[in-house]
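The following exercises concern a nonpolar core and a strand sheet. Please work through each task before reading its solution.

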Amino acid sequence: MTIQFNSLLASRWTIAVAVTFAIAGCGGGGGYGGGSSNPPPPPPPPPATSDFQKIQDTIFTPICTTCHSGASAPRGLRLDAGNSFSMIVNVASVEVPALKRIDPGNPDNSYLVQKIQGTAAVGVRMPANGPPFLTQAQIDQVRAWVAAGAPASFAPSNRLSVVSTVPAMAERANAGVGKLTVIFNGDVDSSLVSRETFTLRDGMDQPVELAAVNVPAGRQNVVELTTVRPLAAGSYQLSVHGDGPVALADQAGHVLDGDADGKPGGDALIPFDVSAGEVSKGSAQ
């Protein structure tokens, strides 16, 4: 009897302890350790940069610019350091206009990513002179940068300046050009972007009529100028005004340092030529 009683007592004690722990584990209804009603914190987001400068230095400049540079760049896609970021981020693809070349935060629907992966529905895998193509590590680096929002690698400056133009200074553009692009080191004040702050003149110093001057959506450091008609063969000069009745400035109020003397003011002057040859078509992206 004593042995049976002791066994029964031990059994009841074991059940009581188990019930106590079960109640403690469910306390608060959350089911997360310690009776907490709050779920564990989510894991931290991935780093905000797969640095764009590294992509430029290790992929675009040594590999892509063998084709994608200068006036002969296929479909105008220039991937040199002065132009690449503004040519791909939030810019519609030529081959598949429904897709952006780079859609920030969305690598799967970024056409440039599809092209380097070989998953694009149109055209050939890039680089077009491959194989060899990009390594998986290089593709993953581009994907990580896009997934992080495609951040720029440059910091805002305390002065506004022209980084690059298309056509570039002293460049001979293909015949039939009708759009000019100016790329800045910061986001411009779109309210100041007009035919007063951007003017185009031909080799006889006569004004060339512009149909539109605007900041493209999602590309606040870029201004695009469209001429009323394609430019005839000859010499031209584009002026971006940091002086005069209306001076271009960035969104922080920094006036254009057009003459690159380190001080606000002055006009940026970009001379270029248009060839008399046929329009180059090239391959698309």
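Two exercises with worked solutions follow.

This is a predicted model, in which local features need pLDDT of at least 70, side-chain atom pairs count only at pLDDT 80 or more, and totals for chains, interfaces and linings use all residues. Residues are numbered from 1 along each chain as its sequence is written, and side-chain values use heavy atoms, with hydrogens and water left out.

**Exercise 1.** Determine which elements give two or more residues to the largest nonpolar core.

*Solution.* A nonpolar core is a set of buried Ala, Val, Leu, Ile, Met, Phe, Trp, Tyr and Cys residues joined through side-chain atoms within 4.5 Å; buried means under 20% relative accessible area (1.4 Å probe, protein chains only). The largest such core has 25 residues, and Phe 184 and Leu 248 are among those with the most contacts inside it. Strands (DSSP runs of E, at least two residues, numbered from the N terminus) S3 (179–184), S4 (198–202), S5 (210–214), S6 (222–227), S7 (234–240) and S8 (268–274) each give two or more residues. The largest share, four residues, comes from S8. Apart from this core lies another, of 23 residues, including Phe 52 and Cys 64.

**Exercise 2.** Establish the strand order of the open sheet and identify its edges.

*Solution.* Two strands pair if DSSP finds at least two bridges between them. Four strands form the open sheet in the order S1-S3-S6-S5, with antiparallel pairing. S1 (162–166) and S5 each have a single partner strand and stand at the edges, so one side of each lacks a neighbour in the sheet. Finally, S1 and S3 pair over four bridges; Thr 165 has Val 182 in S3 as its bridge partner.

Note on methods. Buried < 20%, exposed > 50% of the residue type's maximum accessible area, 1.4 Å probe, protein only.
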